[in-house]
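Here is a short report for someone meeting this structure for the first time. It starts with the whole chain and then turns to single residues.

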Amino acid sequence: MHYIDNNATSPLRPESLSAVTQALAIGGNPSSVHGAGRAARAVMEEARDKVAALVGAKSEQVIFTSGATESCALALFGAAEGSLEGDASRITRVFVSAVEHKAVMKGAGRLAERFTWVHLTVLPVNADGVLDLEALRVALREGKGRALVAVMAANNEIGVIQPIAEVSRLVREAGGLLLVDAVPAAGKIDLDFSLCDYMVLSAHKMGGPLGSGALVVAGGVPLAPQLVGGGHQRGLRAGSENLSGIAGFGAAAQSLRDAQGERDRVKHLRDHFEAALKAAIPEAVIFGEKAPRLCSTSGFAIPGVIATTALMALDMDGVMMSSGSTCSSGKVAVSPVLAAMGVEEALANCALRASFGWSSTMEDVNAAVASLVKLHERVSGKEAA
Ligand code: PLP
């Protein structure tokens, strides 16, 4: 089996698995004052320290959640609702880049529907998927009221890295707030939390367990809790914490900091995959090729090889990847990310994603390339016949 779908979910790291099982054995609730509770809390706080360290944040800024989707909702709704309280200035404008994940895109859409005074604007990207900074500059100048801007650190489909330092400067100059979805980028590039106000993380994209994530929140920015009940996590996210998920998340974050050579190794595999693919199939297209990209991700297309067919053929050869398009009710929907980059529909229908990670090997790369080349020969042979 050749698993090359780390951006969908990354296999559990051994250190993370061990932390999960050890935490499950504790059997205490971090909120309990007795010995088992204190032991559970110690594990949770150690994990919080490790997650904070990964992004250069303070431990008390980390709120554990059930994953990045919840973190995005908490940031968007929590910021908007929190800005209505006290003398905070009200968020009236929300800007999102056109390549955001659905958790941000749909969350922001719903926010604008529910909070009728909030105006939502989608910001364009260039042909490589990089945010148009001039469009952001102009947008921030127009209109009144506080702005909340959401720009991901790097894209999950094509790996393109966004200019967060420049975005941060523009947002801060305009007195706005910045939300950075760092899900695919965490551990693959250095992240500096001090550049933003809210940062979204997910454990399972970095070799931790599914169903565990975090929202990192700067001091003094608005955040109204979206789950209320007990006073967990400073009253910002009620509910007994998922201790094993949190422990596994912390261990994954620590591994990423320890594994200094991992980025280079993963990049070598990704680069080898792209070079071998292009050598065999020169018309293959790599999306976002001219922009800085994550070491892990290759969004690509082989013209004429439809992605849904390719995924099945790859799977038969034991190679697991993702497509850039989704098929629902018998219709293929083109990826909004590729559409925003101006990729033509015929090519977008051929979009695939190979995403490498800590467990990937050169055998995986070779198997993927061999399978794609075989498929391409079959498809082009059919066309010629
Ligand atoms: N943001 C990005 C960029 C993602 O890639 C994903 C998952 O694919 C999410 C958010 C949602 O993550 P989770 O599965 O933890 O809810």
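## The chain as a whole

Of the 385 residues of the protein chain, 55% count as buried. The model is a predicted one.

The protein chain holds twelve helices and 15 strands. Its radius of gyration is 21 Å, close to the 21 Å given by the globule rule for 385 residues, so the chain is as compact as a globular protein of that length. The C-alpha trace spans about 70 × 55 × 40 Å along its principal axes.

Contacts reach far along the sequence. Take those in the protein chain with a separation of 6 or more: 73% of them come from residues 24 or more positions apart.

Next, the surface. The protein chain exposes about 16,000 Å². Carbon and sulfur atoms supply 55% of that area.

Then the charges. The protein chain carries 35 positive and 39 negative charges. Their mean positions lie 4 Å apart.

## Three residues up close

The table lists three residues with their places and accessibilities.

| Residue | Place | Relative accessibility |
|---|---|---|
| Glu-46 | helix α2 (residues 35–55) | 46%, partly exposed |
| Gln-233 | loop between β8 (213–217) and α7 (243–258) | 10%, buried |
| Arg-234 | loop between β8 and α7 | 56%, exposed |

Start with Glu-46. This residue sits in helix α2, which covers residues 35–55. Which side chain does Glu-46 join in a polar contact of 3.1 Å? The partner is the side chain of Lys-50. Ser-59 is 13 residues from Glu-46 in sequence. In space, the two are 9.1 Å apart, C-alpha to C-alpha. Why does Glu-46 count as partly exposed? Its relative accessibility is 46%, and partly exposed lies between the buried limit of under 20% and the exposed limit of over 50%.

Now move to the loop between β8 and α7. Gln-233 is found there, and Arg-234 is too. Is Gln-233 buried or exposed? Gln-233 counts as buried, because its relative accessibility is 10%. Arg-234, at 56%, counts as exposed.

Backbone angles add to the picture. Phi of Gln-233 is near 45 degrees, a positive value in a residue other than glycine. For Arg-234, phi is near 55 degrees. That value is also positive, and Arg-234 is likewise a residue other than glycine.

Conventions. Residues are numbered from 1 along each chain as its sequence is written. This is a predicted model: local features need pLDDT of at least 70, side-chain atom pairs count only at pLDDT 80 or more; totals for chains, interfaces and linings use all residues. Side-chain values use heavy atoms; hydrogens and water are left out. Helices (H or I, at least four residues) and strands (E, at least two) are DSSP runs, numbered from the N terminus. The radius of gyration is taken over C-alpha atoms; the globule rule is 2.2 Å times the number of residues to the power 0.38. Buried means under 20% relative accessible area, exposed over 50%, partly exposed in between (1.4 Å probe, protein chains only). Contact means heavy atoms within 4.5 Å. Accessible areas come from the Shrake-Rupley method with a 1.4 Å probe; for residues, only the protein chains shown count as cover. Lys and Arg count as positive and Asp and Glu as negative; His and the chain ends are not counted. The place of a charge is taken as NZ of Lys, CZ of Arg, CG of Asp or CD of Glu. A polar contact is a pair of N or O atoms within 3.5 Å; within protein, one must be able to donate a hydrogen and the other to accept it, and residues adjacent in sequence count only if both atoms are side-chain atoms.
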